[in-house]
Amino acid sequence: MSTTVENFAALGLSESLLKTLSEIGYETPSPIQAQCIPILLDGHDMIGMAQTGTGKTAAFALPLMEQIDIKLTKPQALILTPTRELAIQVAEALQSYAKNLPGFHVLPIYGGQSMVVQLRQLSRGAHIIVGTPGRVMDHLERESLKLDALKAIVLDEADEMLRMGFIDDVEWILEHTPEARQTALFSATMPNVIRDVARRHLREPQEIKIRAATATVSKISQRYWLVRGVDKLDALTRILDAEESFDAAIVFVRTKI
Ligand code: AMP
C-alpha cells in the first residue's frame, strides 16, 4: 500500500479539522497518519507498530475527535499512556486539534496528581480522557470515572506500559469498558504479551507498521565506551586523537556547564 497521500482532505477528515490542521501548519499527512486515519474513521480496530516522532498522536487523535459528540459531556474516548508526561503531551496535542471545536474538553489524569483536583475535574465532565493505567483504574473503581458512553480506547506505547508493569491494569481497564468500543493499540515493539493482549481484546485488527523516521541510517556505525565521570574528558580527547577518519565532530552534552 502506498503511503504517499498529498493532503489530509483525501483521508476523509471533516472541514473543521482540516481547517485546524492547515492553521497549525500540518500540510502533508505522515505515513502513519495516511494509513491509520482511514482505518480508524471506518471504525476498525488496529495495531500500529510505530515510535514517537512518526506523528502517531495525530494518527489516532484526529479520528477520535471525529467521533465525539460535543453535546454529550461524558468520556467518549480513553487514551492510556505509560507516563504522566506522555499523558500531558497527548492531552495538549488534542487540545490544539480542538481549536475549532468549541466546548471540547480533554482531561489528563495521572498518578501523583491530587485526587481532590481530579475528582473535581472529572465531575465537570470531559469528552476524552488521557490517563495512566493505575489512576484510571482507581477512578473506575471509585466510580468517579464512568465509561458507559465510551466509543474508543487507545493504548499508546503498549510495550512501555508492559515494561513498567502496568499491563495487568490495562487488561483490567479493557475488561471494564463497553465491548462494542473501537480499540487501537500502538507499540514500538511487539512482544508476545502485547500480541496476547491484542488477540484477547481487539476485533479483527488491521495491522500497520511504520519504520521510525528517526532510525539511524545504515552508513552510521555506533560504538560506546563506559568510563568513570572523572575520566570522561581524557577518554574523549584520546578518542578524538586516535580517530583519523573525520573532519569534525558534534558533542552532545546534558547541561550548560
Ligand atoms: P508524534 O510522533 O505524535 O509525537 O509527533 C511528532 C511531532 O510531529 C509533533 O510535534 C507533531 O506536532 C508533529 N506532526 C505530526 N504530524 C504532522 C504533520 N502531518 N505535519 C507536520 N507536523 C506534524
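**Exercise 1. The loop between α9 and β7**

Task: State where E204 is found, and determine whether E204 counts as buried or exposed in this predicted model.

Solution.
1. The residue E204 belongs to the loop that lies between α9 and β7.
2. Its phi is near 40°, a positive value in a residue other than glycine.
3. Exposed means a relative accessible area over 50%.
4. Because the relative accessibility of E204 is 75%, E204 counts as exposed.
5. Of the two elements that flank this loop, helix α9 (residues 192-201) lies across β1 (46-49), β6 (182-187) and β7. The helix runs at about 170° to β6.

**Exercise 2. The sheet**

Task: Give the order of the strands in the open sheet, and state which strands are the edge strands.

Solution.
1. The protein chain contains 10 helices and seven strands.
2. An open sheet of seven strands is arranged in the order β3-β4-β2-β5-β6-β1-β7, and the pairing is parallel.
3. The edge strands are β3 (106-109) and β7 (206-209), each of which pairs on one side only.
4. On average, and with direction ignored, neighbouring strands of this sheet are turned by 15° against each other.
5. One of the pairings joins β2 (residues 77-80) to β4 (residues 128-131), in the parallel sense and over four bridges. Here A77 has I128 in β4 as its bridge partner.

**Exercise 3. Helix α6 and the residue after it**

Task: Identify the buried residues of helix α6 and the elements against which they pack. Then determine whether E143 counts as buried or exposed.

Solution.
1. Helix α6 covers residues 133-142, and its buried residues are P133, R135, V136, M137, H139 and L140.
2. These buried residues pack against the strands β2, β3 and β4 and against the helices α5 (115-124), α7 (158-163) and α8 (167-175).
3. E143 follows α6 and has a positive phi, near 65°. Such a value occurs here in a residue other than glycine.
4. The place of E143 is the loop between α6 and β5 (152-155).
5. Because its relative accessibility is 54%, E143 counts as exposed.

**Exercise 4. The chain as a whole**

Task: Describe the extent, burial, surface and charges of the protein chain.

Solution.
1. Along the principal axes, the C-alpha atoms fill a box of roughly 65 × 45 × 35 Å.
2. The protein chain has 257 residues, of which 43% count as buried.
3. Among contacts between residues at least 6 apart in sequence, 71% join residues at least 24 apart.
4. The chain exposes about 14800 Å², and carbon and sulfur atoms supply 51% of this area.
5. There are 27 positive and 32 negative side chains, and the centres of the two sets lie 4 Å apart.

Notes. Residues are numbered from 1 along each chain as its sequence is written. This is a predicted model: local features need pLDDT of at least 70, side-chain atom pairs count only at pLDDT 80 or more; totals for chains, interfaces and linings use all residues. Side-chain values use heavy atoms; hydrogens and water are left out. Buried means under 20% relative accessible area, exposed over 50%, partly exposed in between (1.4 Å probe, protein chains only). Contact means heavy atoms within 4.5 Å. Accessible areas come from the Shrake-Rupley method with a 1.4 Å probe; for residues, only the protein chains shown count as cover. Lys and Arg count as positive and Asp and Glu as negative; His and the chain ends are not counted. The place of a charge is taken as NZ of Lys, CZ of Arg, CG of Asp or CD of Glu. Two strands pair if DSSP finds at least two bridges between them. Axes are lines fitted to C-alpha atoms, for helices over the stretch in contact, and angles run from 0 to 180 degrees between N-to-C directions.
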